[in-house]
Amino acid sequence: MTDATSEAVVDKENGGEAAPPDVRSARTWTTAVTSLAAAMMTLDITVVNVAMPRIGADLDASLDSLQWIVNAYTLSFAALLLTAGSVSDRIGRKRIFLAGTAVFTVASAACALAPGAGVLIAARAVQGAGGAMVLGTSLALIAGAYEGAPTRARTGAIGLYTAGAAVSAALGPLVGGAITEWLSWPWLFAVNVPVGVLILVGAVRKVPESVDPVASGRVDKAGAVLAVLALFALNYGLLTGAEHGWSRLDVTGTLAAGAVLTTAFALLQWRLGERAMLDPRLFAIPTFSGAVLLSFAARIFSFGLLPFLTLWLGGMLGLSPFRIGLVLLAQSVALLLAAPVGMMLAKKLRVSVVLALGMVLVAAGMFSATGIGPADDWTAVLPMLLLLGAGAGLTLPHLLDLAVGVVPAARAGTASGAANSFFPLGTAVGVALFGVVLSSHVDSALTPAVLGIPAADVGHVHELVTAGQFDAMAAPYEGATRDHVLALAHTAYTDALSSIFLIAGTAALVAAAASLVLVRRQDGRA
């Protein structure tokens, strides 16, 4: 229990004492500080994408370097989340949170001042490490501050935290496009510095510390190393395979290594039991397993789809990065409006029913866009974006609340890190899975016989279509041939998108059924 909540705090509505002013203040500040931090860290996952052309021109960076500017953050972030959350239980969640914020802030300044691509890639990797330390502990800090409070109070705080992160992710292209267009790309990182300092000051002065008194100081070093290596290998293999193909030696090698490392990590954790970094007994709590599974699925439906949707909006429809951000804003608005509705529904219905309803909305959104065609514009996906946002608004606050709410209070950091680790992994799996669907559709639809172009050119056409570079693909051709090739490419891409939406919608229905089975009312705090 945190210092701020060491006093007996009982829900006044249940006939007890109201929380003292210092406890209420600590809860408010913890929610505000962690939500602002989550928004800033999440924004940096997507805000950089739209600035890649400008960064490449200014730093004379190759395509591989540009991809690593994005992936260095993602991989570092994904690899360290679980370890950061678990270690925070042992040595102090606030301590890790502060260290992560400081690391992220300094790395942001280094990104803004980077003289070349190599320095920027290294600084982005350090940024990701800082982000993992912050997001791996934020939920645990909220859970600690709200220990003893009514469940709905903690759920509301986590709902604000989740909404801040989700909206930042969706606003990334919009914010990135505006800053890049009206200022310059270094400002994408420079703006993090004053915000980071503000978070540090607020956390130092107002956020209470919490730590597991039983496991204090004891860190599962072998488990930490295995977790970092396994998560890095899996995420690297999935992301690189989706970008460059699955036959590359580094892809197959890292995926195989990831499988071996994951197995070794699981065996070690099972042997160590309660002394493990990730106590395997947590997964014996069905609600915890359900929350983790649904967190994984939710990211597949959102970030896993985002690259292909963005390529369609920008590459095929020709929307600017700023206009793409405006289109995607519909999802964020729906999420913000649906989140309080989900909170109210949870008072009347079982949480499992609310989660299932959210997943059904996601499925309905996906199915609404399955008929997309080459003649459609961005309005064809507007119902999908609205329903996706509404579904996320109903589910996400409850998912993260369940992950930390049904485990022992001392393991809140571990639970937070575990749940958050499945977000980037879900993104990587979604990008990989839907990338395979897109490639297979393009390969089968755009054959030499159908295109009417030399067979030697077909492979290059496939690469450009899957990258959304339709103008570059059609540039070598003229007249009727150009129009014919471009029309077929548009049809192949939208057919692939339709299949992706169908698969995602079906998976969302499966997730809805899983929530009804796994999320149980009787799973209180263990």
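**Close-up views of an all-in-one-chain predicted model**

Buried residues account for 56% of the 526 residues in the protein chain. Keep in mind that this is a predicted model.

**Figure 1. The protein chain as a whole.** Count up the secondary structure and you get 20 helices and 0 strands. Take the contacts between residues at least 6 apart in sequence: 81% of them join residues at least 24 apart. As for the surface, the protein chain exposes about 20,500 Å², and carbon and sulfur atoms supply 67% of that area.

**Figure 2. The largest nonpolar core and its busiest members.** This core holds 125 residues. The ones that touch the most other members are Phe288, Phe301, Leu309, Trp312, Met366, Met384 and Phe501. Looking for the helix that gives the most to this core? That's H20, residues 479–518, with 13 residues.

**Figure 3. Zooming in on Phe501.** Phe501 is one of the residues in the largest nonpolar core that touch the most other members. Leave out residues up to four places away in sequence, and Phe501 touches Leu305, Leu309, Met366, Ala369, Thr370, Ile372 and Met384. Leu309, Met366 and Met384 also turn up among the core's busiest members.

**Figure 4. A separate core.** Apart from the largest nonpolar core lies another one, made of 21 residues. Its members include Val70, Cys111, Ala123 and Leu188.

**Figure 5. Trp185 and Phe189, an edge-to-face pair.** The model has 4 aromatic pairs by the ring-centre rule. In this one, the ring centres of Trp185 and Phe189 sit 6.3 Å apart, with 80° between the planes. Is the pair's Trp185 buried or exposed? Trp185 has 4% relative accessibility, so it counts as buried. Phe189 is buried too, at a relative accessible area of 0%.

**Figure 6. Phe232 and Tyr236, a stacked pair.** Here the ring centres are 6.0 Å apart and the planes meet at 15°, so Phe232 and Tyr236 count as stacked. Why are these two about one helical turn apart? Because Phe232 and Tyr236 are 4 residues apart in helix H9, which covers residues 221–244. Their exposure is worth a look as well: Phe232 is partly exposed, with a relative accessible area of 36%, whereas Tyr236 is buried at 12%.

**Figure 7. An aromatic cluster.** Which residues come together here in one aromatic cluster? They are Tyr73, Phe77 and Phe104.

How values were computed
Residues are numbered from 1 along each chain as its sequence is written. This is a predicted model: local features need pLDDT of at least 70, side-chain atom pairs count only at pLDDT 80 or more; totals for chains, interfaces and linings use all residues. Side-chain values use heavy atoms; hydrogens and water are left out. A nonpolar core is a set of buried Ala, Val, Leu, Ile, Met, Phe, Trp, Tyr and Cys residues joined through side-chain atoms within 4.5 Å. Buried means under 20% relative accessible area, exposed over 50%, partly exposed in between (1.4 Å probe, protein chains only). Contact means heavy atoms within 4.5 Å. Rings of Phe, Tyr and Trp (its six-membered ring) pair if their centres lie within 6.5 Å; planes under 30 degrees apart count as stacked, over 60 as edge-to-face and the rest as tilted. Accessible areas come from the Shrake-Rupley method with a 1.4 Å probe; for residues, only the protein chains shown count as cover.
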